[in-house]
Amino acid sequence: MAQKPKVDPHVGRLGYLQALVTEFQETESQDAKEQVLANLANFAYDPNNYQYLRQLQVVDLFLDSLSEENETLVEFAIGGLCNLCPDRANKEHILQTGGIPLIINCLSSPNEETVLSAVTTLMYLSSPGSSSHPELTAMPVVQCMLRFSLSANTRLRNLAQIFLEDFCSPSLVAEARSWRAHSALGIPLPRTEAPQQP
């Protein structure tokens, strides 16, 4: 495991978060990057940190990490975005900087947690009945949610059903069901892994 960043305990929250961002940018160790990104994703859960994380451009750091080949980094990055989305300013930043396609790409991850966070993030970015960002409910996304709604994984099935019921019109869902060329059929369902023993 990577060591905790050497931070003066008196630097405060912003200073601590800045040290994490700096460590992420400077370290060569994949383990350290994973640990730091996991820490940042956890800090993103607290609304008191939203302003600091915006100031340190952590939203962009998470978005950039969605393109990594390392599945663990992608998992923590989408988890962090999911945690930041309830905030309107963070949500707008993600929508305006082209984050939607990156998040949609996470739907095809083999990692169950990545897929669950991606579905939840898309729900946070959507407004029920809203068509301001039609790519959130584009046909491949709706078809993917239809497949997920049939999953044996209860969490994934329930999230997909909520997405279809709350964020898609009945006519859109019906159209997705009727399409012959199911573009989402090639997207594999995520692996369900047993929790690893420490």
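## A charge over a ring

A charge sits over a ring if NZ of Lys or CZ of Arg is within 6 Å of the ring centre and within 35 degrees of the ring normal. In this predicted model, Lys33 does just that with Phe24: Lys33 lies over the ring's face, 4.2 Å from its centre.

## A tilted pair in helix H10

Now for rings that meet other rings. There are two aromatic pairs in the structure. In one of them, Phe163 and Phe167 have ring centres 5.7 Å apart and planes at 40°, so this pair counts as tilted.

Both of these residues belong to helix H10, where they sit four residues apart, or about one turn of the helix. Phe163 and Phe167 are also both buried.

## Ser126, tucked into a loop

Next, have a look at the loop between helix H8 (112–125) and helix H9 (139–148), which is where you'll find Ser126. Is Ser126 buried or exposed? Its relative accessibility is 9%, and the cut-off for buried is under 20%, so Ser126 counts as buried.

What does Ser126 touch, leaving out residues up to four places away in sequence? The list is Lys91, Leu136, Phe163 and Phe167, so the tilted pair turns up here again. Closer along the chain, a polar atom of the Ser126 side chain lies 2.8 Å from the backbone oxygen of Leu122.

## The two sides of helix H11

Helix H11 runs over residues 170–178, and its buried residues are Leu172, Val173 and Ala176. Seen down the helix axis, they fall within an arc of 100°, so they line one face of H11. Helices H9 and H10 (154–167) are among what covers them.

Turned away from that buried side is a face carrying the exposed residues Pro170, Ser171 and Arg177.

Terms used: Residues are numbered from 1 along each chain as its sequence is written. This is a predicted model: local features need pLDDT of at least 70, side-chain atom pairs count only at pLDDT 80 or more; totals for chains, interfaces and linings use all residues. Side-chain values use heavy atoms; hydrogens and water are left out. Buried means under 20% relative accessible area, exposed over 50%, partly exposed in between (1.4 Å probe, protein chains only). A polar contact is a pair of N or O atoms within 3.5 Å; within protein, one must be able to donate a hydrogen and the other to accept it, and residues adjacent in sequence count only if both atoms are side-chain atoms. Contact means heavy atoms within 4.5 Å. The arc is that of the directions from the helix axis to the C-beta atoms. Rings of Phe, Tyr and Trp (its six-membered ring) pair if their centres lie within 6.5 Å; planes under 30 degrees apart count as stacked, over 60 as edge-to-face and the rest as tilted.
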